[in-house]
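Here is a short report on one protein chain. It moves from single salt bridges to the chain as a whole, then to selected residues.

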Amino acid sequence: MFFSGDSSARKRVDLGGRSSKESDRKVLLERARLDRKRRLDLRQQTSAAIKIQKCFRGRKDVKMTRSKVREQFNATFGVHGEKANWQCFGPDSEFLPQLLFFFTSNNSTDVTILVEACRLLLQYVQQNGNIVSLFSGLDYSSQNHSLVDFRVKKLAYACLQAIFHNRNQWKDNLLMSPTYPYLPVVVLFETVACLTAPVLPWNCTVIDYLSQRKVFLLLRCIILTGLHDVKSPLLRGSVSSLEHALISLASHVDQEPCHCSNVDQRWSFSLQILSIPFLWHHLPFFKEVFWAKHLGRHYMHQMADFLLNHSSIVLNDVSQEYPGHACLLGNLIEAAGVVLSDLNSSSHTAIDFLTISTFLLGLLPSMDELPRQRPLDEDLTMNDEHKEVVSPDLLKQISSSIDSRLLQHLVNALFKDALQTGYSDKTWPSNEEVEAISAVCTFLHVTFCTLPHELIMTLLAYRTDLLPALWSYIKRCNENQRWPLYSKFTNNIPGDNPGWLLPLAVFCPLYKHMLKFVDTEEFYEQEKPVKITDIPSLVIVIKQALWQLLWSIHSHAPSSQKLLKNLSDDKTLSVELIKVKARVAMSELLSQLQDWNNRRQFMSADDFHLQEARSETFVSQALLENTRASEILKQAPFLVPFTIRVKIFTSELVASRQRSGGHPALTRLRFKIRRNRILEDAFNQLSSLSEDDLRGPIRISFVNEFGVEEAGIDGGGIFKDFMENIIQASFDVQYGLFKETPGHLLYPNPGSALVHEQHLQFFHFLGSLLGKAMYEGILVDIPFATFFLSKLKEKSNFLHDLPSLDPELYRHLLFLKHYKGDVSELELYFVVVKNEYGEQTEEELIPGGKDMHVTKDNVIAFIHLVANYRLNYQIRIQSLHFLRGFQQLIQKEWIEMFNEHEIQLLISGSLESMDVDDLRSNTHYAGGYHHDHQVIVMFWEVLKSFSLEYQKKFLKSIQFPYRLSLLPPSAFLSQQAVVNLLECQNLCHYSDASCWYYFHYFKAMYEGILVDIPFATFFLSKLKEKSNFLHDLPSLDPELYRHLLFLKHYKGDVSELELYFVVVKNEYGEQTEEELIPGGKDMHVTKDNVIAFIHLVANYRLNYQIRIQSLHFLL
């Protein structure tokens, strides 16, 4: 309430050190700036208001003027123009000036007047024909032609505007033919076609005027409105009026001279009309004229120039399912087949097409392969889903349009001169050839990344000369030791990248694909597509390229498979994507060429290897992860010599066994196995072992037929004996899990399910057994078919693999492949006949195959599918389960270092000659024998004189792995305890006398001594290692043979006979039952399995009962 303190004003001090004058100046400047801005805004508001008022007043005046002119027009020519006549179109008449002045497309009365005027115009043209005189009078001279041109172009544009604004109302009539002259839309379209005819003097002026006003955008909207269903065109018997108008407008591109101004290409015919979905199907008559007038090459050239300079252009989409770029691509590819078929088509036209297609393909999402039979080596649980935005019908149009006709014309247009004249090896490629190679390789690279490429590759390989042209180019560049730089088509590839990258990225997958279908005669005799003498040069090119990609310019990137997955959506010319695809294709091609060389040698096997891969440095690096050498071993193993790869493989096995740990003597895995039930006991006890258990040591003790455990300590020899015996028993064809090819090679029995209920578990078990044998370094004499060994690498087989399985079918397919007549007359369908144990069934090769004829266009696909069915599809499930068991011990990366022939060597060893002297010097003797004993000296002389085949049989008799490719005998014997050649009862389970009996009997034959011993035929077959069958049974047991024949032809219900899969064994009055297959005593004989039962009974009597005795007699 009372004041206290100092009444004087306190002085204010700026703590920032600024004076009050400085602050006042800043405030003043800010206030001035705001005032200026306020005045500027006021002036802009005033100016905008004046402009709006001006525009409003102008529009108001125009509207009033139009109303007055319309009233004058109605008074002179009638409300609907009914008083007009032909003279009204003349230069002195006010009819057209007034009509075009007040015409509004959304005014129904104005549209009616326009339609009547156009109808009058068309009547005059039909009767007199000279439309120029109608508009200009007698003289179309320089004085009045500008006025005439102005009226004509305004009239044409008014017609199109009227149709555009009323398109929804007239949508059912937009594609009507001129036979409906009462329809307004027909009259208007016919008028446009009449006014823009190419022969008229104002044609260029009128079309230029319409183009400036985006006429093709209007037509695009009109056409899309008239389509009731985009993907299902209506069938029409005659040309529509819309097509008449479109033909007149589109044909102007071919007119000379042309004075049209440059129009923005975004609104051009190419990007607006050609991007309508399925254009040629909706407008078939326009298509015929478009192709007949050769308009395609002009529009292709326009688009190519435009897209190269405007790569970011975005086309109008009809919908999400029908994007503009995909629709344009589909229509373009359909048209290209006709355009390029013209004999006058040049390489420039083909390059224009490739340029556009490459650009548009790069915008498409990647497509999965069309429905086809899955290769067997694919996992059965693979996810088949794929995301797809573009309409399947549109994608089908694109992929199906790239047919043999298009590709053939394309290659001919690109390399027409080259294919006719040929090249010498030293000719340097011309600029035109380099440009053509660059364009086609760029196009095909993007195509292979985007579209289903199996059929496209087949057509390129068999229907065109592209492969010879590419090889000629690659060969000449390589021999000249320089590669040209590419042009505008590969802007994304830096100039420092090798010139061979893109050609090889296309040539290698094409050639690799062709080798799938090439037969022996084509490759070796006809030398298609590369001469045999040129293949060594090709191998050198591929080796050098791979070495550069994997070693010289190697970067620490993800593996090829991961990188391919990461780059799968990249359709641009990514350098990394090209490198990865080239790397994969070159490696696979080199592997295929090596396979062909193994079949019939045309070059040294060492020529496939790189000298750099022989060094110790390379081997040491290959054993480490993430090194260049390890990448080469994974991606191109065939550059490395076989012996080096075996050394690396052996090192991997040793390292794996060391990691598994555990001393053999301390193993807990000990199993008792009955010799007469070796497979059943092993399956029951060992099939449940884990991967870790399988990698560790396993010890076996045998139980003889009397139930007594055999004496002996398993230090490794008994387990090895066990492995050899069980593998021999389980892979025996008599057991039903495997079958033999005509060359006595083993492959899974496709009908194994009819023989064994647990057949898949058995295949898994057998795979793990083979894996264990390889893991432990045990060689087993199991000759597998090559096409089955490819399954261990998860590879598919192809036509050239078929002779080993079914030579007769192979001959039939070759006959079909080279058939000169009409294949469709043979009445073949996409089905195969499946025959298992006498039961025949038909199976489709593809969905709907029983209704699909084999024709000239699909015969190659049919041959491929038949071969695929026999070599892959039939054994896919068995192979998959075998592979799963095998990979429990042998990693995929290890086995992929070898080809099929080399895998067989890893399993069974080499068939090369045996070093008897080395074996003799490393042999230990017992039982009173020594090195200089007379019997021993004679023994080695006899053994040395034996043929290789009998030397191997001798080694087998002493339980020695008789194939010696990977280690010499001295190295192998040093790993064994004592090899007792003469006192071998512990290994063979026979007395010395019996062993010597067999030895001396064999020696008698060798010395040519005749002995009077009559043998049964079915026993003599054992000397040839052959099995016996039902027809051999009468010589042994005719009564049983009659019983089995009765059963085979029994008409009643076999199951009522109460038979089981067992036989009664009668030895010296003692009867015992023995199962023909595991669980046979509980398995009824039925109609479905009676043939298998008869086969197993005959096999038991003729083969199984005497198998052990025959084996040792044979040895």
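E525 is exposed, at 53% relative accessibility. Exposed means over 50% relative accessible area, buried means under 20%, and partly exposed lies in between (1.4 Å probe, protein chains only). The model is predicted: local features need pLDDT of at least 70, side-chain atom pairs count only at pLDDT 80 or more, and totals for chains, interfaces and linings use all residues. Residues are numbered from 1 along each chain as its sequence is written, and side-chain values use heavy atoms, with hydrogens and water left out.

## Salt bridges

E525 pairs with R600 in a salt bridge, at 3.2 Å from N to O. R600 sits in the loop between α25 and α26, and E525 in helix α22 (residues 520-525), so far along the chain that 75 residues separate them. Here helices (H or I, at least four residues) and strands (E, at least two) are DSSP runs, numbered from the N terminus. R600 is partly exposed, at 39% relative accessibility.

The structure holds 24 salt bridges. The criterion is a side-chain nitrogen of Lys or Arg within 4 Å of a carboxyl oxygen of Asp or Glu. Three of them are set out below.

| Pair | N to O distance |
|---|---|
| R600 and E525 | 3.2 Å |
| R645 and E902 | 2.7 Å |
| R1101 and D1037 | 3.4 Å |

What does the bridge between R645 and E902 tie together? The side chains of R645 and E902 meet at 2.7 Å. R645 belongs to helix α28 (residues 642-660) and E902 to helix α39 (residues 900-908), so the pair joins parts 257 residues apart in sequence. R645 is buried, at 0% relative accessibility. E902 is buried too, at 6%.

R1101 bridges to D1037, with the closest N and O atoms 3.4 Å apart. R1101 is in helix α48 (residues 1090-1102) and D1037 in the loop between α46 and α47, so this pair ties together parts 64 residues apart in sequence. R1101 is partly exposed, at 23% relative accessibility. Elsewhere, E691, D692 and R695 form a network of salt bridges.

## The chain as a whole

The protein chain has 49 helices and eight strands. Of its 1115 residues, 49% count as buried. The accessible surface comes to about 55400 Å², and carbon and sulfur atoms hold 52% of it. These areas come from the Shrake-Rupley method with a 1.4 Å probe; for residues, only the protein chains shown count as cover.

Contact means heavy atoms within 4.5 Å. Among contacts in the protein chain with a separation of 6 or more, 75% join residues 24 or more positions apart.

Is helix α14 enclosed or open? In α14, 16 of the 16 residues are buried, so the helix is largely enclosed by the rest of the structure. Helix α14 covers residues 324-339, and its end C-alpha atoms are 22 Å apart, in agreement with the 22 Å expected at 1.5 Å a residue. The expected span is 1.5 Å times one less than the number of residues.

## Cysteines

A search of the whole structure finds zero disulfides. The test is a pair of cysteine sulfur atoms within 2.5 Å. C441 is buried, at 1% relative accessibility. C449 is buried, at 9%.

## Contacts of selected residues

R220 lies in helix α8 (residues 215-226). R220 is buried, at 4% relative accessible area. Leaving out residues up to four places away in sequence, R220 touches Q272, I273, S275, I276, N316, D317 and V318.

R614 is in the loop between α25 (575-599) and α26 (616-622). R614 is partly exposed, at 34%. With the same neighbours in sequence set aside, R614 touches D606, H609, P641 and I644. R614 and V640 are 26 residues apart in sequence and 7.0 Å apart, C-alpha to C-alpha.

## Loops and surface

Most residues other than glycine have a negative phi. E794 has a positive phi, near 60 degrees. E794 sits in the loop between α34 (786-789) and α35 (807-817). E827 also has a positive phi, of about 55 degrees. E827 is placed in the loop between α35 and β5 (831-836). E827 is partly exposed, at 48% relative accessibility.
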